[in-house]
Amino acid sequence: MMQNTLGGFCRDLLDDDLSGHALDPEAMAARFVDCFRLPVRPTLDQLTALMERAGFGTVRDGHMEGLKGAHIGEPSGEYHIYHRSDLWEGTKSHTVLHEAYEIIHETMCDLHSGGPPCRTVCREADRFAAAVLMQPDVFLPYARASGLDVTTLHDQFGCAYSSVALRMAELVRDTPLLVVLYEREERGDPEGWTEPPTLRAGVVKRTAGFGARRSPLLNGRRGGMPHKSKALPAGSLAERAAQSGRAEYAEEDDVAAIAAPVFWKGRLAKVILVAVPWERRSVLEPQLGRQSQPYSRVNFRAVAAAP
């Protein structure tokens with residue numbers, strides 16, 4: 001039986017002789033939730049109390065330039081976990097769990113070899129945090145019921161849009177899909193943003209079965225597939241959503257897709273595109289039912305080419 005402390009949790013992982021699998025983010029998240037009896041959607045207050053109760057350390061606000069969070073070890077063996085004070089609560093929760101994963105990694109290395117970690121684990125720590133906050137048994141039914149709606153899942157789970165998009169691509173396996181998150185380059189208060197906005201792809205993920213396609217619906221007049229860091233493509237469905245200020249749906253080249261804008265204080269902040277093969281278009285219907293436009297096949301290529 002796992003001990004409900006940091007040390008006990010790490011010793012149990014090592015005793016199970018999982019070798020390289022001991023730090024697999026998905027597997028560890030499931031064991032972490034079970035060991036510490038976390039609810040399906042843990043709050044920041046619950047995570048803060050857990051960190052202190054289980055011996056991870058105290059959680060505090062911090063003022064860190066360029067960092068969302070950090071952890072600092074004390075000679076006593078306890079850690080202090082910091083998250084930036086100006087973050088919203090969902091990002092603070094993610095940051096606490098990110099740092100918890102790194103602390104687990106460091107503790108296991110110390111127990112196993114007596115030495116410091118031999119590699120950085122930032123990406124794995126992000127996956128672990130997302131897996132704890134968006135647990136499969138709860139997240140998947142919500143994802144399907146929402147019609148793969150990233151905005152709805154963001155609201156339900158209190159997680160960043162990027163985390164939700166990545167988690168959806170990681171867990172949804174029965175439907176091939178492409179999810180793209182275009183984000184505004186400007187940071188800070190929207191009142192200081194310029195117009196027109198520049199949006200670039202911060203997340204671009206497609207699952208097995210969604211092969212490379214050349215539909216203008218996905219990448220506009222540029223052709224090919226969307227790529228990370230590239231600007232919002234002219235002539236694409238995502239651009240149409242940015243310009244209209246509402247969700248847009250279209251079908252073209254055996255692809256069905258919906259693009260939805262996200263506004264912050266009345267300013268366009270993001271555009272989310274979700275696409276599936278045309279024959280699986282019914283999975284998007286819950287989203288379409290919330291939109292005013294009819295669910296119909298259109299000649300997007302002709303529309304996109306129009307002046």
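**Aromatic pairs.** I began with the rings of this predicted model, and with Phe, Tyr and Trp rings counted as paired when their centres lie within 6.5 Å, the count came to 10 aromatic pairs. I then looked up one of them, Y142 with F157, and found an edge-to-face pair with 5.5 Å from centre to centre and 80° between the planes. Y142 belongs to helix α6 (residues 136-146) and F157 to helix α7 (residues 150-157), so this pair ties together parts of the chain that are 15 residues apart in sequence. I also checked how far each partner is covered: Y142 is partly exposed, at a relative accessible area of 31%, whereas F157 is buried, at 8%.

I turned next to W193 and W264, whose ring centres are 5.7 Å apart and whose planes stand at 70°, so I entered the pair as edge-to-face. Here distant parts of the chain are linked, since W193 sits in the loop between β4 (178-184) and β5 (199-206) and W264 in strand β7 (residues 255-264), 71 residues apart. W193 is buried, with a relative accessible area of 7%, while W264 counts as partly exposed at 43%.

I also followed the ring pairs that join up into a cluster, and its members are F9, F32, F36, F56, Y101 and F128.

**Charges over rings.** F157 came up again when I looked for charged ends above rings: the charged end of R41 sits over the ring of F157, at 5.3 Å from the ring centre. I noted a further case at F210, where the charged end of R213 sits over the ring, 4.5 Å from its centre.

**H71.** Which side chains make polar contacts with the side chain of H71? I found the side chain of E99 at 2.6 Å and the side chain of E106 at 2.8 Å. H71 has its place in strand β2 (residues 69-73), and its relative accessible area of 15% falls under the 20% limit, so I recorded H71 as buried. Leaving out residues up to four places away in sequence, H71 touches Y79, H80, I81, E99, E102, I103 and E106, and I see that both polar partners, E99 and E106, appear in that list.

**Nonpolar cores.** I kept in mind that in soluble globular proteins nonpolar side chains tend to be buried together. The largest nonpolar core here has 65 residues, and the members that touch the most others are F32, M51, F56, I104, F139, M168 and V274. I looked up F32 in particular, and apart from residues up to four places away in sequence it touches F9, L38, L50, M51, F56, L97, I104, F128 and V132. A second core, separate from that one, has 22 residues, among them L178, L237, V255 and A257.

**L181 and A260.** I then went to L181, which lies in strand β4 and is buried, with a relative accessible area of 1%. Its C-alpha is 7.9 Å from that of Y161, although L181 and Y161 are 20 residues apart in sequence. The residues that L181 touches, beyond those up to four places away in sequence, include Y161, S162, R200, A201, K270, V271 and I272.

A260, placed in strand β7, is buried too, at a relative accessible area of 17%. A260 touches A241, A247, K270, V271 and I272, again without counting residues up to four places away, and I noted that K270, V271 and I272 are on the contact lists of both L181 and A260. From A260 to K270 there are 10 residues in sequence and 8.4 Å in space, C-alpha to C-alpha.

**S215.** Is S215 in its loop buried or exposed? I found it buried, at 1% relative accessibility, in the loop between β5 and α9 (216-219). Setting aside neighbours within four places in sequence, S215 is in contact with G220, G224, E252 and D253.

**The chain as a whole.** I closed with totals: the chain holds 12 helices and 8 strands, and 51% of its 307 residues count as buried. Of the contacts between residues at least 6 apart in sequence, 57% join residues at least 24 apart. The accessible surface comes to about 14,800 Å², and 50% of this belongs to carbon and sulfur atoms.

Technical notes
Residues numbered from 1 in each chain as written. Heavy atoms only, no water. Phe/Tyr/Trp six-rings, centres within 6.5 Å; stacked < 30°, edge-to-face > 60°. Helix = DSSP H or I, 4+ residues; strand = E, 2+ residues; numbered from the N terminus. Buried < 20%, exposed > 50% of the residue type's maximum accessible area, 1.4 Å probe, protein only. Lys NZ or Arg CZ within 6 Å of the ring centre and 35° of its normal. Polar contact = N/O pair within 3.5 Å; in protein donor to acceptor, adjacent residues only side chain to side chain. Contact = heavy atoms within 4.5 Å. Core = buried A, V, L, I, M, F, W, Y, C linked by side-chain atoms within 4.5 Å. Areas by Shrake-Rupley, 256 points an atom, 1.4 Å probe, with all protein chains shown as cover.
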